[in-house]
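Subject: Structure handover

Hello,

Here is the structure you asked to look at. Please open it next to this email and follow along.

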Amino acid sequence: ALMLPRILRFYRIIAEESFAPLLRDYYGFWLHSGQKLKVKGDASVRGDTAGSEEHKDVVVTGLSDDGFLLAEDENRAVMELYPDGNR
């Protein structure tokens, strides 16, 4: 009974405004900014068409519009990371 009013409130925010107000709240509890990851340079990284098995060190910077992790490599190139289905 307590959840429905909250869900309706969030639905109204999304319908009348955008996801921006919810993202501000979400990032307030977010633990991943600045987290360092090692990713494979293959199809799991949008925009990297090299297809190599080389690993890249990246730092998480936020979420993309599609809800995937955004990260930057050492050259400040922004990447959208996709799950590989294994982890």
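Is Phe68 buried, partly exposed or exposed? Phe68 has 27% relative accessibility, so it counts as partly exposed. Buried would need under 20%, and exposed would need over 50%. Keep in mind that this is a predicted model.

**The overall layout**

The protein has two helices and four strands. Start at the N terminus and the order reads α-α-β-β-β-β. There are 87 residues, and 22% of them are buried. The accessible surface comes to about 6,900 Å². Carbon and sulfur atoms hold 56% of that surface. Now look at contacts with a separation of 6 or more: residues 24 or more positions apart account for 25% of them.

**The strands**

Take the strands in order. β1 covers residues 36-40 and pairs with β2. The two are antiparallel, with five bridges. In this pairing, Lys40 has His55 in β2 as its bridge partner.

β2 also pairs with β3, again through five bridges, and these strands run antiparallel. Find Val60, then look across to its bridge partner Ala71 in β3. Leu63 stands opposite Leu69, which is in β3 too.

β3 and β4 are antiparallel as well, over four bridges. Here Leu70 has Glu80 in β4 as its bridge partner.

A general point helps when you view the side chains. In a regular strand they alternate between the two faces of the sheet.

**The two hairpins**

The hairpin of β2 and β3 has five residues between the strands. One residue to find in this hairpin is Gly67, with a positive phi near 90 degrees. Ser64 is also in the loop between β2 and β3. Is Ser64 buried or exposed? Ser64 counts as buried, because its relative accessibility is 13%. Leave out residues up to four places away in sequence, and Ser64 touches Leu70 and Glu80. Those two residues are bridge partners.

The hairpin of β3 and β4 has four residues between the strands. What does Arg76 do there? Arg76 takes a positive phi near 70 degrees. Most residues other than glycine have a negative phi. Arg76 is a residue other than glycine with a positive value, so check it in your viewer. Arg76 is exposed, because its relative accessible area is 63%.

**The aromatic rings**

How many aromatic pairs does a search of the whole structure find? The search finds four. In one of the pairs, the ring centres of Phe68 and Tyr82 are 4.4 Å apart. Their planes are at 50 degrees, so this pair is tilted. The pair links distant parts of the chain. Phe68 is in the loop between β2 (55-63) and β3 (69-73). Tyr82 is in the segment after β4 (78-81). The two residues are 14 residues apart. Like Phe68, which is partly exposed, Tyr82 counts as partly exposed, because its relative accessibility is 22%.

Tyr26, Tyr27 and Trp30 form a cluster linked by ring pairs.

**A nonpolar patch on the surface**

Tyr26 and Tyr27 turn up again in a nonpolar surface patch, together with Ile14, Phe19 and Leu23. The patch measures about 460 Å². Which element gives the largest share of it? Helix α2 (residues 20-29) does, with three residues. Phe19 sits in the loop between α1 (3-16) and α2. Phe19 has 52% relative accessibility, so it counts as exposed.

**One more loop residue**

Last, find Gln35 in the loop between α2 and β1. Gln35 is partly exposed, because its relative accessible area is 33%. Which residues does Gln35 touch, not counting those up to four places away in sequence? It touches Val58, Val59 and Val60. Gln35 and Val59 are 24 residues apart along the chain, but their C-alpha atoms are separated by 5.6 Å. Val60 you have met already, as the bridge partner of Ala71.

Best wishes

Conventions
Residues are numbered from 1 along each chain as its sequence is written. This is a predicted model: local features need pLDDT of at least 70, side-chain atom pairs count only at pLDDT 80 or more; totals for chains, interfaces and linings use all residues. Side-chain values use heavy atoms; hydrogens and water are left out. Patches are made of residues with over 30% relative accessible area and no salt bridge: like charges are joined within 9 Å, nonpolar side chains (Val, Leu, Ile, Met, Phe, Trp, Tyr) within 5 Å. Accessible areas come from the Shrake-Rupley method with a 1.4 Å probe; for residues, only the protein chains shown count as cover. A salt bridge is a side-chain nitrogen of Lys or Arg within 4 Å of a carboxyl oxygen of Asp or Glu. Buried means under 20% relative accessible area, exposed over 50%, partly exposed in between (1.4 Å probe, protein chains only). Contact means heavy atoms within 4.5 Å. Rings of Phe, Tyr and Trp (its six-membered ring) pair if their centres lie within 6.5 Å; planes under 30 degrees apart count as stacked, over 60 as edge-to-face and the rest as tilted. Two strands pair if DSSP finds at least two bridges between them.
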